[in-house]
Amino acid sequence: MSVTRAGLAPLIVFVALGGLLAAAQAQQTPPVPAATPAPALNILVVDVQSLLQNSKSAKMVRQQIEQKRTEYQKEMSAQEGVLRQEHDTLQRQQGSLSAEAFNQKGRDFQQKLNDFDKSMQGKRQILEKANSEALEKINEVMLKIIADIAKERKANLVFLRSELVLFDQNFEVTDEVLQKLDEQLPTVNVNFVAPVAANAPTGSNAPAAAAPAQPAPKKKK
């Protein structure tokens, strides 16, 4: 019997210690914090392309750009007609001029073609720059209006209409943005100024613009 008691005593102590260790570990383990609930989604949808098509300011920009483009086209067409006449005259003079005189006239005419081509490129750049700056003004006001509406409605997501396939029409705020945009920016004056290239050479150091290839003048026989 003494052997039995001796064998049971360590087992009882071990079980008791195990219970104490489990209780200590339970006291040391920090409680798991409750998960923070995710905020409810509040979504807005804006059709920016529609705003840039239908707003008063955007329509005014397009009108001014088209007027200036038409003006440039008339100007360049008139210059092109003059150059064609000069080219025909030069061809008729080929037989009556010396090779040196004809070659000089050919070089002068080529320079005029280069200048004409450079002028066309410059006008295209003016139109592109004017349109870009005008649209930037519209976008700046439009984004501010969208941000104000999102803040007012406590929206946490704003989507472009072009990025969505299906959505609840109640999320759309394009008409509201359009109304405010027309009120805050009814007109935009387009500034037609030639862009200045960084470190662009000036004067005689400026490279001539590429011109269409012209046949070499024939030498006088």
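A residue is taken as buried when its relative accessible area is under 20%. By that criterion, buried residues account for 22% of the 221 residues in the protein chain. The model is a predicted one, and the description below starts with its overall layout before turning to individual helices and side chains.

The protein chain contains 5 helices and 2 strands. Read from the N terminus, these elements follow the order α-β-α-α-α-β-α.

A helix pair comes next. Helix 3, spanning residues 56-92, packs with helix 4, spanning residues 99-152, at an angle of about 175°, and the axes of helix 3 and helix 4 lie 11 Å apart. Angles over 145 degrees count as roughly antiparallel, and helix 3 and helix 4 are therefore roughly antiparallel to each other. Sorted by class, the residues in the contact of helix 3 with helix 4 comprise 17 nonpolar, 8 charged and 6 polar ones.

Helix 5 (residues 174-184) invites a look at its two sides. Its buried residues are Thr174, Val177, Leu181 and Asp182. Viewed down the axis of helix 5, these buried residues fall within an arc of 130°, so they line one face of the helix. Asp175 and Glu183, by contrast, are exposed on the other side of helix 5.

Finally, the rings deserve a word. The count of aromatic pairs comes to 0, but rings do appear beneath charged side-chain ends. The charged end of Lys68 sits over the ring of Phe192, at 5.2 Å from the ring centre. Likewise, the charged end of Lys123 sits over the ring of Tyr72, with 5.2 Å to the centre of that ring.

Note on methods. Residues numbered from 1 in each chain as written. Predicted model: local features only at pLDDT ≥ 70, side-chain atom pairs only at ≥ 80, totals over all residues. Heavy atoms only, no water. Axes fitted to C-alpha atoms, helices over the stretch in contact; angles between N-to-C directions. Helix = DSSP H or I, 4+ residues; strand = E, 2+ residues; numbered from the N terminus. Parallel < 35°, antiparallel > 145°, perpendicular 65-115°, else oblique. Nonpolar A, V, L, I, M, F, W, Y, C, P; charged D, E, K, R; others polar. Phe/Tyr/Trp six-rings, centres within 6.5 Å; stacked < 30°, edge-to-face > 60°. Lys NZ or Arg CZ within 6 Å of the ring centre and 35° of its normal. Buried < 20%, exposed > 50% of the residue type's maximum accessible area, 1.4 Å probe, protein only. Arc of directions from axis to C-beta.
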